[in-house]
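Dear colleague,

I am passing on the structure we discussed, and I would be grateful if you could look through it with the notes underneath.

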Amino acid sequence: MKKQNLYIYHILSFCILILAAGIPIILHGSPQNDRRLAEATGIDKGDAFYTLAKEAIGQDPEKSLQYAGSGIRFLMAPEWQHRRSLRNVRQLLAKLHHIRGKALLKLSRLEQAMVSQRSALSFLEESDEERLTGLVYIELGKIFFAISDTDTALKYYREGERIFIVLQDDRELAEIHNRIGVLYFHLARYDKALERFLKAVEVFEALGNQKRMANLLNNIGAIHLKIRNNTEAAQYFSRSISIKRKLNDNPGIGRSFNNLASLYLEQRQYDTAL
């Protein structure tokens, strides 16, 4: 028992020394990920942390947060102090703070998400990384929308829109149109919401992104339902359901059918609604 306690004591002491030295604690993932981190050196190790954080963001935001945090701690260690003014190091730190902020938003840790995105912006000062700057503005817009500060959210969305217009990035512009459309829908400014959703549908249709298009058609139907344009609402809900059936998107089909049922109930077509 004493030998076991001594072993634990040595392990804890070792961890304290690592933290004191500013060396990041690397959480174990798959053997392949561990190997990628072990083999990488210098800035490549920081880039490996970013890549792993980006890969994990969709399925496991907690793991993404851990990888991004480890990458930031790695680059903020004392031995990197003289290199943190270098352009590539600052850009990598901006990317790590950006992905960390995205993970925090997914985990509903809004204040921390805001701090991370603003840290990303600070590392992007005097940078030509316009695309990343635009993505940071969009994330800040999403955060402020989540805390119901729609004026500030709209300001950041428009800053992102300005950048992606210059970059002629249609996909990101479509995403911004959708975000601004959702914001206007939330404010019951249905004419402006409809205008944005229609622009987004046009782009996603041209890009062949059926899933995003189906969701937007459902949103457009919801606007027509709100303004009691029931014939148009039914057409858009039906188009959305048709696409979602081809994609086997059962949750999406359920949402569109629910909206369609609401329409029929409003028209007192009870048998059709059922």
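The notes below go from the overall fold to two helix pairs, one further helix and two single residues.

Please bear in mind that this is a predicted model, in which local features need pLDDT of at least 70 and side-chain atom pairs count only at pLDDT 80 or more, while totals for chains, interfaces and linings use all residues. Residues are numbered from 1 along each chain as its sequence is written, and side-chain values use heavy atoms, with hydrogens and water left out.

The protein has 14 helices and 0 strands, where helices (H or I, at least four residues) and strands (E, at least two) are DSSP runs numbered from the N terminus. Of its 274 residues, 45% are buried, a term that stands for under 20% relative accessible area, with exposed meaning over 50% and partly exposed in between (1.4 Å probe, protein chains only). Among contacts (heavy atoms within 4.5 Å) with a separation of 6 or more, 52% link residues 24 or more positions apart.

Two packed helices are described by the angle between their axes and the distance between the axes. Here the axes are lines fitted to C-alpha atoms, for helices over the stretch in contact, and angles run from 0 to 180 degrees between N-to-C directions.

The first pair to look at is H3 with helix H4 (residues 61-75), which pack at an angle of about 165° with their axes 8 Å apart. H3 is therefore roughly antiparallel to H4, as angles over 145 degrees count as roughly antiparallel, under 35 as roughly parallel, 65 to 115 as roughly perpendicular and the rest as oblique. The contact involves Lys45, Gly46, Phe49, Leu52, Ala53 and Ala56 of H3, facing residues of H4 that include Tyr67, Ala68, Gly71 and Phe74. The residues of this contact comprise 8 nonpolar, 4 polar and 2 charged, where Ala, Val, Leu, Ile, Met, Phe, Trp, Tyr, Cys and Pro count as nonpolar, Asp, Glu, Lys and Arg as charged, and the others, Gly among them, as polar. The buried residues of H3 include Lys45, Phe49, Leu52 and Ala56.

The other pair is helix H6 (residues 110-123) and helix H7 (residues 130-146), whose axes come within 10 Å and cross at roughly 160°, so that H6 is roughly antiparallel to H7. Among the residues making the contact are Leu110, Met114, Gln117 and Leu121 of H6, and Val136, Tyr137, Leu140 and Phe144 of H7. In this contact, 11 residues are nonpolar, 2 are polar and 2 are charged. Glu125 sits in the loop between H6 and H7 and is exposed, with a relative accessible area of 55%. Its C-alpha atom is separated by 9.3 Å from that of Arg90, 35 residues apart along the chain.

Helix H10 has 18 residues and reaches 25 Å from its first C-alpha to its last, close to the 26 Å expected at 1.5 Å a residue, the expected span being 1.5 Å times one less than the number of residues. Its buried residues include Tyr190, Leu194, Phe197, Val201 and Phe204, and what covers the buried residues of H10 includes helix H8 (150-167), helix H9 (170-186) and helix H11 (210-226). Arg196 lies in H10 (residues 190-207) and is buried, with a relative accessible area of 12%. Not counting residues up to four places away in sequence, Arg196 touches Glu161, His177, Ile180, Gly181 and Tyr184. H10 is followed by Gly208, whose phi is positive, near 75°.

With best regards
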